[in-house]
Amino acid sequence: MDERSGSEVIETLRSRGLRMTPQRLAIVSEVMRTQGHISPTTLARRVQGEMPGVNPSTVYRTLALLEQIGVLSHAHLEGGAEYHRAEEAGHVHLTCSRCGGEDALSLAEAARLQELIEQSHGFHPDFTHFAISGLCADCWA
Ligand SMILES: [Zn+2]
Ligand SMILES: [Zn+2]
Ligand SMILES: [Zn+2]
């Protein structure tokens, strides 16, 4: 899947009739710079650092819009929903309920469990949407 640059994303939003305010521009460029996943509150804090007065609800709305056009996708982690670039979202999150540590499982590693569920329940799981909660090796020890 191709990596879309911030300016292409901004063009797409504009072509959908969205007015690109300085706040929205700052939100889009910050989220496109982010590696891995980011929570809406962390994103809001970073954008507010550059541009005080950005309303958190603008951050939420912009994230939802970026998801609608396929740029981002969300996953539910221990602390709530976080956003990835859509092309980086193909993994299963493992979150430690004690220390908050995170790990990731590839979809290839999850394939056997996926087959098992499909064969015995006819259910097609999306492991990328919710994290698997549990204890990390350190907390287990
Ligand atoms: Zn992730
Ligand atoms: Zn969800
Ligand atoms: Zn832990």
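Let me begin with helix α2, in which R24, A26, I27, V28, E30, V31 and M32 are buried, buried meaning under 20% relative accessible area, exposed over 50% and partly exposed in between, with a 1.4 Å probe and protein chains only. Helices here are DSSP runs of H or I with at least four residues, strands are runs of E with at least two, and both are numbered from the N terminus.

This is a predicted model, in which local features need pLDDT of at least 70 and side-chain atom pairs count only at pLDDT 80 or more, while totals for chains, interfaces and linings use all residues. Residues are numbered from 1 along each chain as its sequence is written, chains are lettered from A and ligands numbered from 1 in the order in which they are written, and side-chain values use heavy atoms, with hydrogens and water left out.

On confidence, pLDDT is the predictor's own score for each residue, from 0 to 100. The protein averages 91, and 97% of the residues score at least 70. Among the elements, helix α1 (residues 6–15) has the lowest mean, 87, and α6 the highest, 97.

To return to α2: its 12 residues, 22–33, should span 16 Å at 1.5 Å a residue, and the end C-alpha atoms are indeed 16 Å apart; the expected span is 1.5 Å times one less than the number of residues. The buried residues of α2 pack against α1, α3 (40–50), α4 (56–68), β1 (72–77) and β2 (80–85).

Which residues have the most contacts inside the largest nonpolar core? They are L13, V28, V31, L43 and L66, in a core of 22 residues. Such a core is a set of buried Ala, Val, Leu, Ile, Met, Phe, Trp, Tyr and Cys residues joined through side-chain atoms within 4.5 Å. Helices α1, α2, α3 and α4 each give two or more residues to this core, and α2 gives the most, with five. Leaving aside neighbours within four places in sequence, L43 is in contact (heavy atoms within 4.5 Å) with I27, E30, V31, I38, V59 and L63.

I turn now to the metals. Donors are N, O and S atoms within 2.8 Å of the metal, or 3.2 Å for Na, K and Ca; water is not among the atoms, so sites may look incomplete.

The zinc ion (ligand 1) is coordinated by the NE2 atoms of H84, H91 and H93, at 2.0 to 2.1 Å. The spacing of these donors in sequence is H-x6-H-x1-H, and both H91 and H93 are buried.

The zinc ion (ligand 2) is held through NE2 of H74, H76 and H129, at 2.0 to 2.1 Å, with the spacing H-x1-H-x52-H. H74 lies in strand β1 and H129 in the loop between α5 (107–121) and β5, so the pair ties together parts that are 55 residues apart in sequence. H74 is partly exposed at 25% relative accessibility, as is H129 at 27%.

The zinc ion (ligand 3) has SG donors from C96, C99, C136 and C139, at 2.3 Å. What is the geometry of this site? The site is tetrahedral, with angles of 104 to 115° among the four donor atoms; four donors count as tetrahedral if all angles lie between 85 and 135 degrees. The donor residues are spaced C-x2-C-x36-C-x2-C. C99 lies in the loop between β3 (91–96) and β4 (102–106), and C136 in the loop between β5 (132–134) and α6 (137–140), so the pair ties together parts that are 37 residues apart in sequence. C136 is partly exposed, with a relative accessible area of 23%.

Definitions and conventions. Four donors count as tetrahedral if all angles lie between 85 and 135 degrees; four count as square planar and six as octahedral if opposite donors are over 155 degrees apart and all others between 65 and 115; anything else is irregular.
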